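Reader: I would like to go through this model with you one question at a time, with each term explained where it comes up.

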Amino acid sequence: MNMTLSKRGDYVVRSALALARAYPSGRPRKIREVVAEMGVPQTFASQILADLVRAGLATSRAGKDGGYRLARPPEEISLVEVVEAGEGPLRAERCALGDGPCRWESVCPLHETWRAATEALREVLATTSLADLAASDLAIAEGRAVVPADSHRHGGPSLAVADFVQIELGAPVLAGRLVDDAVVGAALGAALEEAETLRAELGGQGPRWWPA
């Protein structure tokens, strides 16, 4: 089950976080600043910030000294408000086991459990303020945060490695560099001798593979 935010929800939370960082200064943030700081796509930034304005979480002002600012202190804005500004109401609109909307005349056996789980999620988000999120973000940036055992970063960074390598070198240069390796050199030598034999059978035509 995917518990991640949608792209829009992600960008709304990032934008709110950028405004929370700037709130103590009293200075509005420009769209370009939010884009540069939080990685919100330039093409969607105005729409994303407008979501916060429509939700009553931010205000906007045009002009040279204008920009976007939180409508209330970040301590007074809950995370559920921010998430719902981008995702819409966090409640089940459709039956968990059926194809249509929830109706009591055809309620499914999962209804009450699913409702309780949804309310629990909303409660956690409602008791977490935007200021809490900003403080956590600062702790991560400064290296003070404790990485949870179940974090997606657990176990250290990983690097995907392809099972082949493309080398853009001429055969003589490549042979000269690899021939000193005992295993690779032996295999390469056998391959080049076979190529030379083929070249001889062709009457000496074609490139010479073994480095001079």
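Reader: Which residue follows H6, and what is the sign of its phi?

Author: The model is a predicted one, in which local features need pLDDT of at least 70 and side-chain atom pairs count only at pLDDT 80 or more, whereas totals for chains, interfaces and linings use all residues. Residues are numbered from 1 along each chain as its sequence is written, and side-chain values use heavy atoms, with hydrogens and water left out. Helices (H or I, at least four residues) and strands (E, at least two) are DSSP runs numbered from the N terminus. After H6 comes Gly143, and its phi, near 75°, is positive.

Reader: What span should H6 have at 1.5 Å a residue, and how far apart are its end C-alpha atoms?

Author: The expected span of a helix is 1.5 Å times one less than its number of residues. H6 covers residues 130–141, and its 12 residues should therefore span 16 Å, which agrees with the separation of its end C-alpha atoms, 16 Å.

Reader: Which residues of H6 are buried, and what covers them?

Author: Buried means under 20% relative accessible area, exposed over 50%, and partly exposed in between, with a 1.4 Å probe and protein chains only. By that criterion the buried residues of H6 are Leu130, Ala131, Ala134 and Ala139. Their cover includes H1, E2 and H4.

Reader: How many helices and strands does the chain have, and in what pattern do they follow one another?

Author: The chain has eight helices and two strands, and buried residues make up 28% of its 212 residues. Read along the sequence, the pattern is α-α-α-β-β-α-α-α-α-α.

Reader: At what angle do H1 and H3 pack, and how far apart are their axes?

Author: Axes are lines fitted to C-alpha atoms, for helices over the stretch in contact, and angles run from 0 to 180 degrees between N-to-C directions. H1 (residues 7–22) and H3 (residues 42–54) pack at about 75°, with their axes 9 Å apart. That makes H1 roughly perpendicular to H3, given that angles of 65 to 115 degrees count as roughly perpendicular, under 35 as roughly parallel, over 145 as roughly antiparallel and the rest as oblique.

Reader: Which residues make the contact between H1 and H3, and how do they divide by character?

Author: Contact means heavy atoms within 4.5 Å. From H1 the contact takes Arg8, Tyr11, Val12, Ser15, Ala16 and Leu19, and from H3 it takes Gln47, Ile48, Leu49, Asp51, Leu52 and Arg54. Ala, Val, Leu, Ile, Met, Phe, Trp, Tyr, Cys and Pro count as nonpolar, Asp, Glu, Lys and Arg as charged, and the others, Gly among them, as polar. The residues of this contact accordingly divide into seven nonpolar, two polar and three charged.

Reader: Is Ser15 of H1 buried or exposed, and which residues does it touch?

Author: Ser15 has its place in helix H1 and counts as buried, at 0% relative accessibility. Not counting residues up to four places away in sequence, Ser15 touches Val34, Val40, Ile48, Leu49 and Leu52.

Reader: Why do the buried residues of H3 lie on the same side of the helix?

Author: The buried residues in H3 are Ala45, Ile48, Leu49, Asp51 and Leu52. They lie on the same side of H3 because they cover an arc of only 140° around the axis, where the arc is that of the directions from the helix axis to the C-beta atoms. The face turned away from that buried side carries the exposed residues Thr43 and Arg54.

Reader: Which residues is Asp51 in contact with, beyond its neighbours in sequence?

Author: Asp51 sits in helix H3 and is buried, with a relative accessible area of 6%. Leaving aside neighbours within four places in sequence, Asp51 is in contact with Arg8, Val12 and Ala85.

Reader: Where does Leu125 lie, and what separates its C-alpha atom from that of Glu81?

Author: Leu125 lies in helix H5, residues 111–126, and is buried, with a relative accessible area of 14%. Beyond its neighbours within four places in sequence, Leu125 is in contact with Ser78, Leu79, Val80, Val83 and Leu90. Leu125 and Glu81 are 44 residues apart along the chain, and their C-alpha atoms are separated by 8.3 Å.
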